[in-house]
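User: Please walk me through this model one question at a time, starting with the ligand and then moving along the chain.

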Amino acid sequence: MVRLDVEQTISELTLGEKIALTAGVDFWHTAAVHRLNIPSLRLSDGPNGVRGTRFFNGIPAACFPCATALGATWDTELLDDVGRLMADEAIAKGCHVVLGPTINIQRSPLGGRGFESFSEDGILSGTLAGHYSKGMQEKGVGATLKHFVCNDQEHERLAVDSIVTQRALREIYLLPFQVAMRICRSACIMTAYNKVNGTHVSENKEILGDILRKEWGWDGLVMSDWFGTYSTSEAINAGLDLEMPGKTRWRGDVLAHAVSSNKVAEFVLDSRVRNVLNLINYLDPLGIPEGAPEKGLNREQDHALLRRAAAESVVLLKNQDNILPLKKDKPILVIGPNAKLAAYCGGGSASLLPYYTVTPFEGVSAASQAPVEFSQGVYSHKDLPLLGPLLKAADGKPGFSFRVFNEPPTEANRGAVDELHLVASVGFLMDYVNPKIKSMTFYVDMEGYFTPEEDGLYDFGVTVVGTGKLLIDDEVIVDNTKNQQRGSAFFGNGTIEEKGAKYLQAGCTYKIVLQFGTAPTSDLDNRGIVAFGPGGFRFGAARRVNQEDLIAHAVEQASRAEQVVLFAGLTMEWETEGYDRDHMNLPPGSDELITRVLTANPNTVIVNQSGTPVTMPWAHNAKAILQAWFGGNECGNGIADVLYGDVNPSAKLPLTFPVRLQDNPSYVNFRSERGRVLYGEDVYVGYRFYEKIERDPLFSFGYGLSYTTFARSNISINTVPEKPTLPHQPEGTITEPITTTLTVTNTGPVAGSEIAQLWILPPPTNSVNRPVRELKGFTKVFLQSGESKEVQIVVDKKVATSWWDEQRGAWASESGIYRVEVTGTGKEVLKGIFEVEKTRYWVGL
Ligand code: BGC
């Protein structure tokens, strides 16, 4: 790449070239203008790994724990490391920009993408996102804060109007973006799909122009979410630099027309182009050539970081009678639907093909020095488990053949235009490219051989964006071609899973064929749905089982076992993009299994894996509970490290776990109704609500236990003299620090990390209703048993004290005595005070 003289280049570009630069050319690349040495950039999802340019049949990648897992670590240094490794992964895949981190707010436990954002709290989320971006950008790769702003649910995400007060917008939803940018100005921002207070964000002048550009002084590149541009002039004029993906729908000739009719002034178009060229210059040192090949790194040292991240994220919620850590030299029974399943990541655009995965069962088996037994208990899949890995292709390789045709199966003498070998029987073809395909309508025959190990009735399921027919030895078992019904798969574009069944005999080999037709062959009404490319398919199967028998068997085994661990939870089918969960419960059967196993063996350790909260009606009966998440490649090892005490858990919840969904403040206002969702809880999101109304959640924000104990002492608080007006602060600095110093002591038997959390309580004289207290800072410290360390938490006075005054359109830091609380593991609260002498108002970053 070549450093560009931006102004000179703008003066030399033709109108057509300028317009071309403001839109993608395909799913993952921007336009090039080679005559002026302007290269194309490659963008990739994000946020928990770098998938590269192929959603379908991609190159494997490192998968990091999901953001709520990283949120639970409260570990800024870890996030720096995560950002750096993410950058290495991006460079290996020839990517200049990563589409992450995601920093929306979990208003409700049901949000389908809740797992993708760090926390319900803007300070925690923004701080971690800032470090993630800093680590990444230190290595030259651009970070993208997304989705700006109020994309906090999936239901009707393109159309919904998030109705939110200016105060909540500032104090809750914009806050993580603001905080992240104070630490590191991300190279890019991705706009949200939704409207905020009546206008789509991608054409919202107030949000993109007034707040982001003017008030925050941010000069990076604003891109739309994929197919989240909805206008030509409005979006360009509001400040949307780049329409993604290509080919353009809104720019091209339409934009030329808008410029020639002066709906868009050329100097405005130049500003959009300027931001694209500045980004190219910013990324220039990377030296990634256009069309760079995509490689996987999969390095030994990276496995260690991924394992550290997985283990550091596991939250110890209960540990009565010190049941944990488990003993490696004692036999163990492993039960449950998530034991032999690698719930490594959530679903949707965050998902990727991992280098490898480690299931909890494999993690426990690798750590244990004694026999490990297994009992399924129940299954938790939403759709039938993928059949692909159980198939063999004609040449005996695991998987199946994938043969692409321009003509339907009814056409004799058709010839395949491509043949691939696949293992996973799920694929979203959005970025599948094949020059021999004549139109969006094409057909694929997938063929493999299945030899069941057990006799029985087998269920088969087919989910498609398009049409699909599953045949066994040429007999149609599932027909998903007619009377199709919309489901939640493929970002809400797919059908429900259509099912059929057939009795199969152990040892016999059956030919399985899926005849797939792309999206245009479907009879689903696709109005209002974003068409992500030519379509998608998924087929699965399972032997029909009697759940009662499975549970009874697990219960019987548990009653005899010395050590038992039960893995339950969700998967990428339950928590995914394009779809919010219908309820907060575990999949059917899981609660019953847990309850009955706990009765049979009260010392059973329960491990829940989910990206967001679930109900735990059995929590009071369980002595030991761990909250694990979608833990990335090393998920199973990370959990085993905590179970056996190789890692002392230090994580704290980044989200409140309510007892019931009804307790959640957004309960009456979640989902789109007549095109809008009212953010009726205002600033009382998450812990701010539970503390205000004094309702105990099941487990609070910031809560988590350890295998050791900690004491906090010697608090002192120092402030610097106030300046007459609150100053603007450059990136990475604090201009009016409040420094809280305290001593943390490890008073227990083992080494471990403690997270000190600093909360600020507003003065009672404050002129508006405010949360009881708000998190304003935190720090993490590692201590040997018996060791003490002095730690400091430094916060900025204006950030720590202000609320958003809607009348003035400014942050208000009101005079008065503010109380400080420092919490951590255990109930002890250290208290202090500081004073704001003079009321001041400010705007800016
Ligand atoms: C998601 C974005 C993602 C993009 C590209 C969209 O559906 O909302 O987060 O970056 O797709 O995959």
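Analyst: Happy to! A term to have ready is the polar contact: a pair of N or O atoms within 3.5 Å, where within protein one atom must be able to donate a hydrogen and the other to accept it, and residues adjacent in sequence count only if both atoms are side-chain atoms. This is a predicted model, in which local features need pLDDT of at least 70 and side-chain atom pairs count only at pLDDT 80 or more, while totals for chains, interfaces and linings use all residues. Residues are numbered from 1 along each chain as its sequence is written, and side-chain values use heavy atoms, with hydrogens and water left out.

User: How far is a polar side-chain atom of His147 from an oxygen atom of the ligand?

Analyst: His147 belongs to strand 3 (residues 142-148); strands (E, at least two residues) and helices (H or I, at least four) are DSSP runs, numbered from the N terminus. Next door, an N or O atom in the side chain of Lys146 is 2.8 Å from a ligand oxygen, and for Asp225 the polar side-chain distance to a ligand oxygen is 2.6 Å. For His147, the distance is 2.7 Å.

User: How much of the accessible area that the ligand has on its own does the protein cover?

Analyst: The polar side-chain atom of Asp225 at 2.6 Å from a ligand oxygen is one piece of the surroundings. On its own the ligand has 310 Å² of accessible area, by the Shrake-Rupley method with a 1.4 Å probe; for residues, only the protein chains shown count as cover. The share of the ligand's area covered by the protein is 100%.

User: Of the 15 residues around the ligand, which come nearest?

Analyst: A residue is near a molecule or strand if one of its heavy atoms lies within 4 Å of it. By class, the shell has 7 nonpolar, 2 polar and 6 charged residues, with Ala, Val, Leu, Ile, Met, Phe, Trp, Tyr, Cys and Pro counted as nonpolar, Asp, Glu, Lys and Arg as charged, and the others, Gly among them, as polar. Those that come nearest are Asp45, Arg113, His147, Asp225 and Glu577.

User: Which peptide bond is cis with omega about -5°?

Analyst: Most peptide bonds are trans. One cis bond joins Gly100 and Pro101, with omega about 10°, and Pro101 sits in the loop between strand 2 (97-99) and helix 5. The bond with omega about -5° joins Lys146 and His147.

User: Is His131 buried or exposed?

Analyst: This histidine is part of helix 5 (residues 122-138). Its contacts (heavy atoms within 4.5 Å) beyond four places in sequence are Thr76, Leu79, Asp80 and Ile183. Buried means under 20% relative accessible area, exposed over 50% and partly exposed in between (1.4 Å probe, protein chains only). Because His131 has a relative accessible area of 14%, it is buried.

User: Which residue caps the N-terminal end of helix 8?

Analyst: Helix 8 (residues 205-215) has several buried residues, including Ile207, Leu208 and Ile211. After helix 8 comes Gly217, with a positive phi near 65°. At the N-terminal end, a side-chain oxygen lies 3.3 Å from the backbone nitrogen of Glu206, and the capping residue is Asn204.

User: What is the relative accessible area of Arg674?

Analyst: Most residues other than glycine have a negative phi. Arg674 has a positive phi of about 50°, and its place is the loop between helix 17 (635-643) and strand 25 (676-678). Arg674 is exposed, at 87%.

User: How far apart in space are Pro534 and Asn57, C-alpha to C-alpha?

Analyst: Pro534 lies in the loop between strand 20 (510-517) and strand 21 (536-543), and it counts as buried because its relative accessibility is 7%. Among its contacts beyond four places in sequence are Leu429, Met440 and Phe442. Pro534 and Asn57 are 477 residues apart in sequence, and their separation in space is 15 Å.

User: Which residue's backbone oxygen lies 2.7 Å from a polar atom of the side chain of Thr604?

Analyst: Thr604 is in the loop between helix 16 (590-600) and strand 23 (605-609). With a relative accessible area of 0%, Thr604 is buried, and it touches Val564, Leu566, Val597, Leu598 and Ala624, leaving out residues up to four places away in sequence. The backbone oxygen at 2.7 Å belongs to Asn601.
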